[in-house]
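Hi,

Here is the structure I said I would pass on. Have a look, and my notes follow underneath.

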Amino acid sequence: MPDPRHLAERADGLPARSAAAAGTRDLNADYLKAAAIVGVVCIHAGLPFEDVYRFGVPVFIGLWAYYLEKALARRGPETHGTYLMQRLVELGVAYIAWTLLYIEKFYDGRWDATPLHTIVGGWFGGYGWSGQYYFVILFQLTLLFPLLRRWVAEAPTLPVIAAGVALNVAAGYWLFENRWISAVGDRLFIYWIPYVAMGIALARGEFGRKPGLGLVAVLLLLAAPIESRLFAEHSAYLALTVTLASLLLLMSAVAADRAPLRQPGVLGRTVAFVGRNTFAIYVANVAMLEVSKSTGFTAFAVSHGGPWGLLAVVAATLAGGLGIGWLLQALGLGVLVGKR
């Protein structure tokens, strides 16, 4: 348990604890994280208009860079390597544990009958379970973060972000026509640089919080399904609407100087609690969705509410993920859900 008088950074990019007594908790960031994890679960649950929810992972990448940059800025340069390696090990422990669990569930542990390239490139390469690719991306970005933060410091931030957006759009519309590029997919770190650059810039105070941009982001996300129908992207995460909306959401909710802690109502406290425990929901949502399906709850929800009945499944998955996170922490296994 970190000292409650200090901010305990979470370099996994999802939960970031701070002390309420110190008044440093930024509820706007918590609310954004809560919205992002709901979006991720909605996609995995199969809700209609899934492109609208695609901002989840890009936002998490941006927040990951934001918190990591703030953590490194508070430390001496001589400790950065050790700190990043510690974060990498913690992330690796959670990744291996959940991957092994899902391999046993979805592939019946068929190690002997599976080619090595499938095990390495598929089961452990980001294609083993829904959301696994997020870990693969973070492994790359963690190793490259010292170079990326130096690059962002030396180059004007907005051109770096704009170049990244242009590359993503080019990849989505044209570059993925190349079979070598499409084989790698959007797991390569280069497609996530715009969000890393934005997170670093926000942590350094280059941009102030602009809440009005949140409305623009919502309008762009509502247009994302239209873009998907008009154009055949290979990855919805590289769509122009999703990319721009994700960047604008970060600018609308995150700031280097945290606002004084305010006392939210019951709903606000509930949303903030979800935002502080997104890692647990992220890794456990696949298991919870399987439970809903195997128990017949998913079929029941759809039969009574149609496709939107899946919102009940999403709610149950969120609650189940929070429960799993609490249980693992109680058992001293908090590292599996992003808690020290």
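Glu90 is buried, with a relative accessible area of 17% (buried means under 20% relative accessible area, exposed over 50% and partly exposed in between, using a 1.4 Å probe and protein chains only). Its salt-bridge partner is Arg87, with the closest N and O atoms 2.9 Å apart; a salt bridge here is a side-chain nitrogen of Lys or Arg within 4 Å of a carboxyl oxygen of Asp or Glu. Arg87 is buried too, at 6% relative accessible area. The two sit 3 residues apart in helix H3, so about one helical turn separates them.

Before I go on, the housekeeping: this is a predicted model, so local features need pLDDT of at least 70 and side-chain atom pairs count only at pLDDT 80 or more, while totals for chains, interfaces and linings use all residues. Residues are numbered from 1 along each chain as its sequence is written, and side-chain values use heavy atoms, with hydrogens and water left out.

More on the charged pairs. The search of the whole structure turned up 7 salt bridges. One of them joins Glu69 and Arg149, whose closest N and O atoms are 2.8 Å apart. That pair links distant parts of the chain, with Glu69 in helix H2 and Arg149 in helix H5 (residues 133–154), 80 residues apart. Glu69 and Arg149 are both buried. Then there is Arg54 with Asp51, at 4.0 Å from N to O, and again both residues are buried. Arg54 and Asp51 also belong to a salt-bridge network that includes Glu50.

Now the overall picture. The protein has 14 helices and 0 strands (DSSP runs numbered from the N terminus, H or I of at least four residues for helices, E of at least two for strands). Of its 340 residues, 53% count as buried. Contacts (heavy atoms within 4.5 Å) are mostly long-range: among those with a separation of 6 or more, 78% are between residues 24 or more positions apart. The accessible surface is about 15200 Å², and 68% of that belongs to carbon and sulfur atoms (Shrake-Rupley, 1.4 Å probe; for residues, only the protein chains shown count as cover).

What about the inside? The largest nonpolar core has 92 residues, and those with the most contacts within it include Val57, Trp64 and Trp192. By nonpolar core I mean buried Ala, Val, Leu, Ile, Met, Phe, Trp, Tyr and Cys residues joined through side-chain atoms within 4.5 Å. Helix H2 (residues 56–73) gives the largest share of this core, 12 residues. Beyond its neighbours within four places in sequence, Val57 touches Val40, Tyr133, Tyr134, Trp192, Tyr237 and Tyr282.

Helix H14 (residues 310–330) is worth a look as well. Its 21 residues reach 30 Å from first C-alpha to last, close to the 30 Å expected (1.5 Å times one less than the number of residues). Its buried residues, among them Gly320, Gly321 and Gly325, pack against helices H1 (27–45), H3 (80–107), H12 (278–294) and H13 (297–305). Just after H14, Gly332 takes a positive phi of about 80°.

Finally, the outside: Leu215, Val218, Leu219 and Leu222 make a nonpolar surface patch of about 400 Å². Patches use residues with over 30% relative accessible area and no salt bridge, joining like charges within 9 Å and nonpolar side chains (Val, Leu, Ile, Met, Phe, Trp, Tyr) within 5 Å. Leu215, in helix H9 (residues 213–230), counts as exposed because its relative accessibility is 58%.

Cheers
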